[in-house]
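Biologist: I'm new to this one and would like a close look at a single part of it. Please start from whatever idea I need, then take me through slowly.

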Amino acid sequence: MKNFYLQLFVRLFCLCLVASPLSAQAPDPKPQQFIYVLRLAPRLHSDAAWTKEDNMVLSRHFTRFQHAIERGELILAGRTKEPGDKTFGIAIFEAADEAAARAFMESDPAVVAGLMTAELHPFAVALQRKNP
């Protein structure tokens with residue numbers, strides 16, 4: 001009988017060893033969607049107020065979005081075509097969680113440089129047109 005319990009223990013131990021790596025390899029959870037709304041700093045409401053440095057930061061902001069598209073993070077980004085005090089932009093993207101989404105938003109060059117303020121919201125794309 002003692003031998004039976006020893007064999008049972010060994011079998012259970014081996015089963016646990018095999019099962020542990022399998023559970024550790026579970027697929028990553030589906031990323032969540034977020035949107036952040038960008039608004040121009042009031043000093044930039046007039047086109048004449050933009051400096052060379054501001055335009056360089058805006059270029060880095062745009063390049064970063066292009067790279068995020070290539071990595072599959074960014075779903076879409078754009079802005080309204082209204083005067084400076086009314087215009088705003090949006091970025092709809094995926095992140096693992098809210099902390100990662102906030103880090104993505106707060107590291108936007110336009111936000112870091114103070115050209116724009118940003119506000120984060122959880123989001124879900126309900127319908128999306130297929131690319132032609």
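Modeller: Let's start with a bit of vocabulary: two strands count as paired if DSSP finds at least two bridges between them. Keep in mind, too, that what you're looking at is a predicted model.

The part I'd pick is the sheet. Four strands make it up, and it is open, with the order β2-β3-β1-β4 and antiparallel pairing. β2, residues 74–79, and β4 are the edge strands; each has a single partner, so one side of each has no neighbour in the sheet. On average, neighbouring strands are turned by 15 degrees against each other, if you ignore direction.

Zoom in on one edge. β2 and β3 run antiparallel and are joined by five bridges. If you want a spot to aim at, alanine 77 stands opposite alanine 91, which belongs to β3. Glycine 78 is also in β2. What does glycine 78 touch, once its neighbours within four places in sequence are left aside? The answer is Phe88, Gly89 and Ile90. Glycine 78 is partly exposed, because its relative accessibility is 38%. You can also check how the chain folds back here: the C-alpha atoms of glycine 78 and leucine 38 are 9.7 Å apart, although 40 residues separate them along the chain.

Now add the helices. α2 packs on the sheet and touches β1, β2, β3 and β4, with a direction about 150 degrees from that of β2. α3 lies across β1, β3 and β4, and runs at about 155 degrees to β4.

So what sits in the middle of the packing? In soluble globular proteins, nonpolar side chains tend to be buried together. Here, the largest nonpolar core has 20 residues, and Tyr36, Phe93, Leu115 and Leu120 are those with the most contacts inside it. Five elements give two or more residues to this core: from the sheet, β1 (32–40), β3 (88–95) and β4 (116–123), and from the helices, α2 (52–70) and α3 (98–106). β1 supplies the largest share of the core, with four residues.

Leucine 120 is a nice place to stand and look around. Not counting neighbours within four places in sequence, leucine 120 is in contact with Phe34, Ile35, Tyr36, Phe93, Glu98, Ala101, Arg102 and Met105.

Two residues on that list, Glu98 and Arg102, are worth a second look. Side chains of opposite charge can pair when their charged atoms come close. Glutamate 98 and arginine 102 do this, with their side chains meeting in a salt bridge at 3.3 Å, N to O. The two residues are both in helix α3, four residues apart, or about one turn of the helix. Glutamate 98 has a relative accessible area of 43%, so it counts as partly exposed. Arginine 102 is partly exposed as well, at 31%.

How many salt bridges does a search of the whole structure find? It finds three. Another one joins arginine 43 and aspartate 54 through their side chains, at 2.8 Å from N to O. This pair links distant parts of the chain: arginine 43 is in the loop between β1 and α2, aspartate 54 is in helix α2, and the two are eleven residues apart. Is aspartate 54 buried or exposed? It is buried, because its relative accessible area is 5%, and the cut-off for buried is under 20%. Arginine 43, at 47%, is partly exposed. Leaving out residues up to four places away in sequence, aspartate 54 touches Arg43, Leu44, Ala49 and Leu115. Leu115 is one you've met already, among the residues with the most contacts inside the core.

The remaining pair is arginine 71 with glutamate 73, where the closest N and O atoms are 2.5 Å apart. Arginine 71 is exposed, with 52% relative accessible area, while glutamate 73 is partly exposed at 27%.

Finally, a word on how far to trust the picture. The protein chain has a mean pLDDT of 86, and 79% of its residues reach 70 or more. Residues 12–20 are a stretch to leave aside: pLDDT stays under 50 there, and the model has zero contacts for them beyond four places in sequence.

Conventions: Residues numbered from 1 in each chain as written. Predicted model: local features only at pLDDT ≥ 70, side-chain atom pairs only at ≥ 80, totals over all residues. Heavy atoms only, no water. Core = buried A, V, L, I, M, F, W, Y, C linked by side-chain atoms within 4.5 Å. Buried < 20%, exposed > 50% of the residue type's maximum accessible area, 1.4 Å probe, protein only. Contact = heavy atoms within 4.5 Å. Axes fitted to C-alpha atoms, helices over the stretch in contact; angles between N-to-C directions. Salt bridge = Lys/Arg side-chain N within 4 Å of Asp/Glu carboxyl O. pLDDT = per-residue confidence, 0-100.
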